[in-house]
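Visitor: I have a sequence and a ligand. Please show me the structure, and then I will ask about it.

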Amino acid sequence: MAYGLLNGKRGIISGALDENSIAWKVALKAKEEGAIFTLTNAPIAMRMGAIKELAEQCNAEIIPADATSVEDIENLFTKSTDILGGKLDFVLHSIGMSPNVRKGKAYTDLNYDWFKQSIDISALSFHKMMQTAYKQDAMNEWGSIVALTYMAAQRTFPFYGDMADAKSVLESIARSFGYQYGKYRNVRVNTISQSPTPTKAGSGIGGFDKFFDFADKTAPLGNATADQCADYVITLFSDLTRMVTMQNLFHDGGFSMTGISEDVMALINKE
Ligand code: NAI
């Protein structure tokens with residue numbers, strides 16, 4: 001059911017790769033809620049083609065941009081305000097990739113060039129997007145910027161590798177830029193810390209299936225789905241959350257506040 005929460009709002013949605021992507025679900029819901037927006041992804045993701053289907057469904061234009069390239073991001077913001085006919089009300093950063101994780105490198109044997117790429121793609125890109133928006137003065141007053149993160153930024157999940165460090169940087173950037181953008185244009189900046197979710201990025205993490213089940217059995221509400229995550233993102237883009245900023249908001253069915261659950265105890269007792 002749609003509530004018209006984003007009627008008249010304009011935005012940019014990054015990171016929709018296929019129909020499992022969290023950003024894909026956000027785009028469909030943003031459209032349902034009355035927003036107009038552009039879609040963006042790395043040029044290589046364009047070649048896979050699926051984003052074109054989404055663009056048609058959402059009546060949105062696609063602007064390719066490698067999130068590590070300031071030039072691409074400048075072009076993304078200039079073109080988006082042009083196409084959409086004015087400044088933006090929301091931006092979604094839904095971008096993450098670690099070559100070390102993808103290639104199965106242990107945390108004690110990192111390739112440092114790849115480590116830099118992990119940080120650049122998954123964290124600095126968030127700063128680059130916000131700095132570009134800030135310099136171009138591309139956001140409307142009381143706009144909202146959201147990035148997606150994972151709890152490995154606070155607690156250790158050994159299989160999450162250098163993405164844990166990238167997510168810590170991402171969350172720190174949200175706080176630091178949130179202050180600056182709040183003072184400048186009353187724009188709010190938050191991260192959503194989502195449950196394990198079966199997407200391309202999620203299932204690239206070693207042992208994902210087992211960990212997914214563990215989290216599901218630990219959280220009293222179970223794991224939050226990509227669809228539910230999209231609902232939460234929409235509330236943060238809406239005017240109902242205008243005073244929420246610089247926060248890392250857990251969207252995980254209660255996992256982050258649970259020590260151990262009876263369901264997990266029962267599994268251990270079986271052994
Ligand atoms: P996904 O694989 O569908 O999305 C990741 C996106 O990042 C893809 O669209 C990919 O093309 C894009 N990307 C990678 N390198 C890029 C670059 N250089 N420039 C521009 N875009 C680039 O997976 P998902 O799960 O939807 O990921 C979205 C966000 O959610 C990521 O930040 C991820 O870390 C985060 N997240 C995912 C969780 C999960 O279990 N799936 C849990 C918590 C957070």
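Visitor: How far does a polar side-chain atom of K167 lie from an oxygen atom of the ligand?

Guide: This is a predicted model, where local features need pLDDT of at least 70, side-chain atom pairs count only at pLDDT 80 or more, and totals for chains, interfaces and linings use all residues. Residues are numbered from 1 along each chain as its sequence is written, and side-chain values use heavy atoms, with hydrogens and water left out. A polar contact with the ligand is a pair of N or O atoms within 3.5 Å. The K167 side chain makes one with a ligand oxygen, at 2.8 Å.

Visitor: How much of the ligand's accessible area does the protein cover?

Guide: Backbone atoms also reach ligand oxygens: A201 at 2.9 Å and G15 at 2.8 Å. On its own, the ligand has 820 Å² of accessible area (Shrake-Rupley method, 1.4 Å probe). The protein covers 92%.

Visitor: Which helix gives the most to the shell around the ligand?

Guide: The ligand is surrounded by 28 residues (a heavy atom within 4 Å), the closest being S21, N41, K167, T197 and T199. Strand β4 (139-149) and helices α7 (163-185) and α8 (200-203) each supply at least two shell residues. Helices here are DSSP runs of H or I, at least four residues, and strands are runs of E, at least two. With three residues, the top contributor is α8.

Visitor: How many residues of the shell are charged?

Guide: Asp, Glu, Lys and Arg count as charged. The shell has 14 nonpolar and 11 polar residues. The charged ones number three.

Visitor: Where is the kink in helix α6 centred?

Guide: Helix α6 spans residues 112-136. The bend at a residue is the angle between axes fitted to the seven residues ending there and the seven starting there. In α6 the kink is about 45 degrees, centred on L124.

Technical notes: Polar contact = N/O pair within 3.5 Å; in protein donor to acceptor, adjacent residues only side chain to side chain.
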